[in-house]
Protein chains: 2
Amino acid sequence: MTRRPSAPVTLTEVARRAGVSVATASKALNARPDVAPQTRTRVLAVAEELSFQPNALARGLLSGSSRTVGLLTDELAGRFAIPVLLGVENALGDGEMSVLLCDARGDAVRRRQHIRTLLARQVDGLIVLGDRNDVRASLAGDIPVPVVYAYGQSDDPGDLSVVADDVGGARLAAEHLLALGRRRIAHITGEEGYRAARDRAAGLLAVLDAAGLPLAGGRPSYGAWSQRWGRQATRMLLAADPGVDALFCGSDQIAYGAIDALHDLGRRVPDDVAVIGYDNWEIFATESRPPLSTVDLDLERLGATAARHLIAALEGERRTGVVRHPGRLVVRDSTAPG
Amino acid sequence: MTRRPSAPVTLTEVARRAGVSVATASKALNARPDVAPQTRTRVLAVAEELSFQPNALARGLLSGSSRTVGLLTDELAGRFAIPVLLGVENALGDGEMSVLLCDARGDAVRRRQHIRTLLARQVDGLIVLGDRNDVRASLAGDIPVPVVYAYGQSDDPGDLSVVADDVGGARLAAEHLLALGRRRIAHITGEEGYRAARDRAAGLLAVLDAAGLPLAGGRPSYGAWSQRWGRQATRMLLAADPGVDALFCGSDQIAYGAIDALHDLGRRVPDDVAVIGYDNWEIFATESRPPLSTVDLDLERLGATAARHLIAALEGERRTGVVRHPGRLVVRDSTAPG
DNA sequence: TTGTATGCGTTATCAT
DNA sequence: ATGATAACGCATACAA
C-alpha cells in the first residue's frame, strides 16, 4: 500500500500511475469504446488500488447535473414525514442520487432560504414534503428544476402531488366493518381542520350511505388526535347511544384511547364493540388490548412513488395533477369476526 | 424584468450586465477591499436583480470544501434518530452547511456504499447517527474527513462520540422519587441487551445504594420496550411485593403500560404508587392518566452539540473521547407530591 | 481600481 | 488507440 492518506486521489494521479493521459484514464473508467483492453485493465487496477472516486463536484460542474435532489420538509418532527422521507431516500439511492435534507420548521422565511441554498447547490430537483395531508400553497417563485409534492398537496394543479388516498382508505375500513355484520358504526376522529379527518369521515359516510345506514351518533365526533379524546369521545358516545357495535377511529392513537375507555366501561372488544383505527402506527396498533385493526397508509411506498415521479420528470416526462396513493387494510384482533 | 428563466444566471452574466470583468464582479460580491464603491453597488444591484447565487459546485471545486456534511444513520425509522437529526440539521444550517442524508438501514454494505458516495461528493465531515445508545464499531477504513458519532458511541476512543448520559438521567429520576419520600422503588425496563436499559438501571441503583435502600423486587425487571411489558411486569411486581410505592420505568412507553395496569389493580397514581418514565415521548408522557413525570434526553440539543463539535473539528480543533449529554427531569402529575 | 490569466477535477472534442 | 486541449463557474495572483 503506497497510498499517502493526505493526498486526495484524483484522476490525474490515477493517470500518472497508469502511465496514460487523463483523457485516456477517463475513457477507461467510463467504459468508453475506443481504448485498448490492456490499457483499460491497467487503469482500472490503479483506480481500484487507490480507491479512486471521481470528484462529484467537478463532474457536476461540467455536466450541469449534481445528481442530488433537495428534500424540503415543513416539519420533520411530525409523525408522517419520516416514512415518506425514508421511501424517497431509498428510491433515489437506487438511482445513484443523493438527498440534501432541509427542514423549514414551518417557517416560510427559512423555507425560501433553504430553496436558495438548494438551487445554489445545483440540485436536479426538489421534493416538498408536507407535514399534513392538507392542500398547501405551491412554492412561490419560478423554480428552475422539477418539483414533486409529497403527502401534502400543492394548490396549483400544474404541480404534481403524490398524496395518500384517505377517502379510499376509510372506505376499506368501513366495508370491513360492514362485512363483519356491524350496523351501528360511529366515527371518532381528530380536528376537523385537518383534511385527513374530513376525508376519512367522507369515505366512511359514502359507504354507509350506499348501504342505507346512518352514522351512529349522528355525525363524526371531531376532536383531537389523542388517546385522551378517544377515551372521552367513546364515553360520551356510548352514554348517548349504548347500542353502538363498531367504532371507526380516525387514528390509531384515538383508537387506543377508545379501547381503554371501552375496557373501563366493561365492553368487550371486539365482541360487543369492534374497533378499527387508522395509520398502522405500530406502538399503538400492536400494543393495544386487543391489537388494533387499522389502515396502513403505506407512506414509505408513497415516498418512493414521489421519488420515481421526480426521476421521471428529470428525464423529461413532465406530469401534473394529483396521484392518490391507496392504503391497505390491516386486520388484527380488534375486529376479529365472532 | 428582463430575466430569461431558461438561462442560468452565472457570475459572467452578472459581470457582463454590470459592465465589468468577472474578477471585479467576484471581488465586489465577496466584499474584497480593492473595488470602487460605485462599482460595488452597481454589481450588487445587478446580482440582486438577477437573484444571482454563486454555483456551489464551482466554489467547492475551487476551495476544496463543499460546505456539506454527510449524515449517516443506521436506522432512521427508529424513534431516536429524528430529534438528533433535527438538531444537527438546525445547527449546521446556521453555519451555512447543508446535510446530505444517507440511511444505511442497518446494512453494512449499504453503509460502505454511502460513505463512498459521500466522500465522492466531497463532504467536509461526517456525522454517524446510531440507532441505539450502545457502543458500536468505529467506521472501518481511514476516512479523510472528521467524523463525529452521535447517540451511538464509537468503540474507538480515538473517535469523538456525543451520547446521552443515561446514568445521570436515571439518577435525576431516582433522586426525585427519594425526595418525594418514596422508599420502595422498583424498576421496570426494556431489554437488558440495550445499554440504555443497563445504564438507567445502574443510575437508579447507585442512588438507592447511596441512600442505603434496596431495589424493590430485588432486581430490575428487564423485558421489552413496550406497553405490554409495562403492564405485565407491573402486575407481577405488585403481586410479589404489594408494598411498592414507586415505579421507575425505563421508558415512557413502559410507564404508560404500567399506569394502565395500576389503574386496573385499583392503585392510585401517584397517591399509592408514584410512576416516572424516561424519554419524554409526548404521545405517552402527556396522554397517560395521569400525565407522566419523565426524563427528557434533550436529543435535539445532543444533535446540535454533535454538529458543533464537527464544525470545531473542521476548524482544526480535533477532539476525542466521549461527550456525555445530560438529561432533564420533567415533573408531571404521576409523581405529584402528596 | 480594474482586467487578464490560471487552476480546481472532470469529461468531450479533436488531433495525432 | 491515445493525448493535448477546452470548457464548466468561480476565486485569486498578478499585470496593467
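**Exercise 1.** Work out how helices α7 and α8 of chain B are oriented to each other in this predicted model.

*Solution.* Start with the geometry: the axes of α7 (residues 166-179) and α8 (residues 195-210) of chain B come within 7 Å and cross at roughly 40 degrees. Next, the cut-off: angles under 35 degrees count as roughly parallel, and 65 to 115 as roughly perpendicular. The two helices, α7(B) and α8(B), are therefore oblique to each other. Last comes the hand: α7(B) passes α8(B) in a right-handed crossing.

**Exercise 2.** Do the same job for helix α10 of chain A and helix α10 of chain B.

*Solution.* Here α10 of chain A (residues 252-265) and α10 of chain B (residues 252-264) pack at about 15 degrees, with their axes 12 Å apart. That makes α10(A) roughly parallel to α10(B). As for the hand, α10(A) and α10(B) cross in a right-handed way.

**Exercise 3.** Find which side chains A:Arg200 meets in salt bridges, and say where those partners sit.

*Solution.* Take A:Asp166 to begin with: its side chain meets that of A:Arg200 in a salt bridge at 3.2 Å, N to O. This pair links distant parts of the chain, with A:Arg200 in helix α8 and A:Asp166 in helix α7 of chain A, 34 residues apart. Both residues, A:Arg200 and A:Asp166, are buried.

Now try A:Asp279, which meets A:Arg200 in a salt bridge at 3.6 Å, N to O. A:Asp279 lies in the loop between β11 (274-276) and α11 (282-285) of chain A, and A:Arg200 in α8, so this pair ties together parts 79 residues apart in sequence. A:Asp279 is buried too, like A:Arg200.

Note on methods:
Residues are numbered from 1 along each chain as its sequence is written. Chains are lettered from A and ligands numbered from 1 in the order in which they are written. This is a predicted model: local features need pLDDT of at least 70, side-chain atom pairs count only at pLDDT 80 or more; totals for chains, interfaces and linings use all residues. Side-chain values use heavy atoms; hydrogens and water are left out. Axes are lines fitted to C-alpha atoms, for helices over the stretch in contact, and angles run from 0 to 180 degrees between N-to-C directions. Helices (H or I, at least four residues) and strands (E, at least two) are DSSP runs, numbered from the N terminus. Angles under 35 degrees count as roughly parallel, over 145 as roughly antiparallel, 65 to 115 as roughly perpendicular and the rest as oblique. A crossing is left-handed if the near helix is turned anticlockwise from the far one by less than a right angle, and right-handed if clockwise. A salt bridge is a side-chain nitrogen of Lys or Arg within 4 Å of a carboxyl oxygen of Asp or Glu. Buried means under 20% relative accessible area, exposed over 50%, partly exposed in between (1.4 Å probe, protein chains only).
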